[in-house]
Each structure stands twice: as structure tokens, then as C-alpha cells.
Amino acid sequence: MKESYSGPLERLDACRWRIPKSYMPGMRVDGLIYADDILIEHIRNDKSPQQVANVACLPGIVKYSLAMPDIHWGYGFCIGGVAATDPDQSGVISPGGVGYDINCGVRLIRTNLKLAEVMPKLERLVERLFASVPCCVGQGGRIKFNRTELIQLLEQGSPFVVKRGLGWESDIEVTEGHGCIKTARPDYVSDHALERGGSQCGTLGSGNHFMEVQVVDHIDDPHSAHVLGLEKGLVTVMIHSGSRGLGYQVCEDSLKELQHTPRKYGIDLPDRQLVCAPVNSPEGQRYLGAMQAAANFAWCNRQIMTHLARQTFAEVFETPAERLGMTLVYDVAHNIANMEPYDIRSGTSCGTGFQPVSGSTGFQPVRETMLCVHRKGATRAFPPGHPELAERYRDIGQPVLVPGDMGRASYVLVGRPGSMEHTFGSCCHGAGRMMSRSAAIRASKGRSIARELRDRGVIARARGRTGLEEEQPDAYKDVNEVVSVVHEAGISQKVARLRPVGVIKG
């Protein structure tokens, strides 16, 4: 029977609940969970709030241990967890704050096609995508890389595969971090991880990974939607995948390498799954470099699948992808730790280095530093004007892509200033599971999930025997509720809702 959380949850406002640092010994900061009345009842029903409290014990943690409204139980950190640590204050980096699927993320491709143009060919389109994009556990891709090429890929990220003709130059501008963390260290990636990854770049994988054909069915913010190239009735493609076996192995290797590190540095942890190392230690730098290399792999993985999707659309509609308007809207990482500049005193992004003094016309200097921001099942949500943004999005804020379930919807949002003030520029990453995979399979007994989805207007294909059952809509929270919380909290603003019409899964 699933355990529930019995500790304190103090309501701060309509969207936030606090776990005070007095709750348990060792907490250095409060825990803060974003949720409404409906979602908080789901959240109480598992132990994920306890993980929020546990993370609050990490050395060097700044301001809060945070959780987004899609929070659920994970390894070490909850899924939906955000924590920033200050390396200058012995702050740590923890593989549990990133997860096994390093840089699992989402990208959205828009098209010029209207749904009415696609519907007559939808079945064939889904079948061709299913045949073209390798999916399922251990599935290898059609595009292979030898060891030398793979090392270059891990070092250079998306630009490496785009230069090989597997994408458009414009894709790089609208990929988070331009699809490359330049401080990645492929030499810190094990031979076993390289072996696992060599044949898997350009593959979907299994579990909750998917490629969806969607239609824009509602616009909340017409101006931002126009800038993003979205309008009601247009067809889009969403891709959700990560670093496959390579990233999994990097995490596995790192957990083993770090198992005795906390004791070496005198770190006392409430949960051994939070194994960590000071960011500036040799051990911390080794994990950081390997993790960044796996993140570069994941961006290349999604880039190659973008290329395959464009090829498939061009084939089915007998029109080049360029003429179909298949431009990349954005690509965001959901499982990553980034070094980012922040003003510690206020929690806002570094800018001028000064802030107005309350009640004064003068300015005072503030301490600025690079923080290690863990986002596990969370995405960046930088506001308008942030220097990290692509020039074309500088005035509207960073696109935030929030996939839902196969039967309801996904959302496009943009970051708001409240994200920098309250969540280290972070937002939710999806709907969030309510059922384990085994529970979802049991709940599907005697049902045809494929038929139920078809009744909702969704054609779904899965290679795995239980892929659709594990990922049925009832296994997830309602994404509409999750998105409403971050919208009301001022973290992100709704732009468009995307309804699925065709899905492929592992």
C-alpha cells in the first residue's frame, strides 16, 4: 500500500504550501510546494513532500527546496523538484536532482498544415512516423556514430548533427543553450555508457517518451502565439525523449562513484539517494562534466528525430519540409543541473549588480554568484528580457513546453518575471503521474486503451506490449489543473493548448 505524507503543509496563498524548516532536524531552508486545493490532496497521498523536506537538508541550498504542481515520487528528489545550491557556500550537486534520464526534454515543431488537410492522411502519417522513428527499450537508430564521432557529439551537441545535414541552422537558435553545454567532458563518460549510446541517438525509447501529432485548439495569448508561429487549427509535432542508455549509465556510474563522497566531506544526509558532492570538488566536477556530455547527447537525439519527422511529413504530404513550414518552436530540458547567475539576496537573475534600496533613491551592491540549479522534472521559464533567450523571443519570454497525457492536451506557456523572483526561473514540466506503471496496467485489465483513445479522436501506436496501458490518461493528473497553478502563481503564462490526434510510443 502506498505511503502518504503526514508532515506539515502550511498554506501560504492560493498556489503555495510550505513545509517549515522546523519540521525535521537538518533542514536548512523551508520546503515550498506549488499546488491548488485539488492537487494538494493528490500530493498528500504519497511521500514526495518528504523528499522536498529531505532536499532542504543539502549543504549550500539557497532560499527554498521547491516542488512544482506535477510533483510525484522520484529517486532522491521528487519529480517536479527544483533546488539551487551555492558553490561558494559549500553547495553540492546531486545526481538525484537530475535523474537517470539526463536532459529528458521536449521540443515542439509547428507546421503550416491545418487539421482538415491532415485528417485524411492521419492514419498513414502515424504509421509512417511509427516506422521511421525507432522506439522501445534498447532500440537502436538508423544513424550510427563511431566512437570518435560520438565523442565529438558529446562535446559539441546539436551543432554537430546539424552540420551533418540532420537539421536546420535555425533549430540551434531555439534550442535551450543552443543545444550545447560547452563545458561538457566526454572523457568523464565511461566506455560502457559510450557503448550504450553509440547506436541510440535518434531513438525515442520507452516509458513516457513519445512523438505526438497535435492541433492547436485554443489560444490564450494571441500576441505570444503569433511570435511563436502558432494559430488555432495548425498542426504541430511534439517530441519527448532524453539521453537514452548513455544518460542512464552516466547516472548509474556517478551514483556508484559518489557513494562514499558525503562521508569524505562530512555531509550528513537524511536519504542515501541524495548522494552528492560539493560542486567545486573533483568529484562534483567529474559528475557535472559527464552529466553535461549526456545532456548534449539528448539534444542531438531530439534533433535527429526532428529530422526524421520532417522527412516523414515530406513523404506523406509530397511536399518539402521547408514548404510545410516545419520550423522548431523551442526545445527545453526537463532533467538537468545548470550553472546560472543569480542575485542571492533577492533570488532574481543577475543584471546590473545593484538593486534599489527600499525607501531610498540610492542603490546598494548585492552578492552575485553562479548557482547550481537542479531541475528534475522541471523546466526553465525565463521571463522577457533574459539574456539567455533567443532574440526572436526576447520580448515575450522563454517558451515553456508542458506535455500532458495522450487523451487530453499539452500546453505552450511563456516565462514570467515571477519565476525569477520565486523559483529560480523554473516551471512545471508535465501533468505528473498519479498511478505507478504497474497500477496503470492493472487498471487497464479488460480494456482496450487504443480503442478508448480512438474514441477520443487519437490514433495511438506503441511497440511495447504494455506501452499504452502504462501511459493511459487516467495514470496522470489533469494537465489543465497543473498549468492553471503556474499561470495563477505568475511563474508562466498560458499561450496555447495543443490537443493530440496521433501518438507513437515505445
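N301 is buried, with 0% relative accessible area. The model is a predicted one. N301 sits in helix α12, which covers residues 282-317. Which residues does N301 contact, leaving aside its neighbours within four places in sequence? They are Q200, C201, G202, T203, S241, G242 and R244.

**Salt bridges**

Side chains of opposite charge can pair when their charged atoms come close. In this model the count comes to 33 salt bridges. Three of the pairs are set out here.

| Pair | N to O distance | Relative accessibility, first residue | Relative accessibility, second residue |
|---|---|---|---|
| E41 and R44 | 3.6 Å | E41, 43% | R44, 27% |
| E123 and R454 | 3.0 Å | E123, 35% | R454, 41% |
| R447 and D474 | 3.9 Å | R447, 30% | D474, 41% |

**A pair within one helix**

Start with E41 and R44. Their side chains meet in a salt bridge at 3.6 Å, N to O. Both residues belong to helix α1, residues 37-44. They are three residues apart, about one turn of the helix. Is E41 buried or partly exposed? E41 is partly exposed, because its relative accessibility of 43% falls between the 20% and 50% cut-offs. R44 is also partly exposed, at 27%.

**A pair across the chain**

E123 forms a salt bridge with R454, and the closest N and O atoms are 3.0 Å apart. This pair links distant parts of the chain, 331 residues apart. E123 lies in helix α4, residues 122-132. R454 lies in helix α15, residues 449-455. E123 counts as partly exposed at 35%. R454 is partly exposed too, with a relative accessible area of 41%.

**A pair between loops**

R447 and D474 form a salt bridge, with the closest N and O atoms 3.9 Å apart. Why does this pair tie together parts that are 27 residues apart in sequence? R447 lies in the loop between α14 (437-443) and α15, and D474 lies in the loop between α16 (467-470) and α17 (479-488), so the bridge joins those parts. R447 is partly exposed at 30% relative accessibility. D474 is partly exposed at 41%.

**A network**

Which residues are linked in a network of salt bridges? E176, E340, R375, R380 and E388 are linked in this way.

Terms used:
Residues numbered from 1 in each chain as written. Predicted model: local features only at pLDDT ≥ 70, side-chain atom pairs only at ≥ 80, totals over all residues. Heavy atoms only, no water. Helix = DSSP H or I, 4+ residues; strand = E, 2+ residues; numbered from the N terminus. Buried < 20%, exposed > 50% of the residue type's maximum accessible area, 1.4 Å probe, protein only. Contact = heavy atoms within 4.5 Å. Salt bridge = Lys/Arg side-chain N within 4 Å of Asp/Glu carboxyl O.
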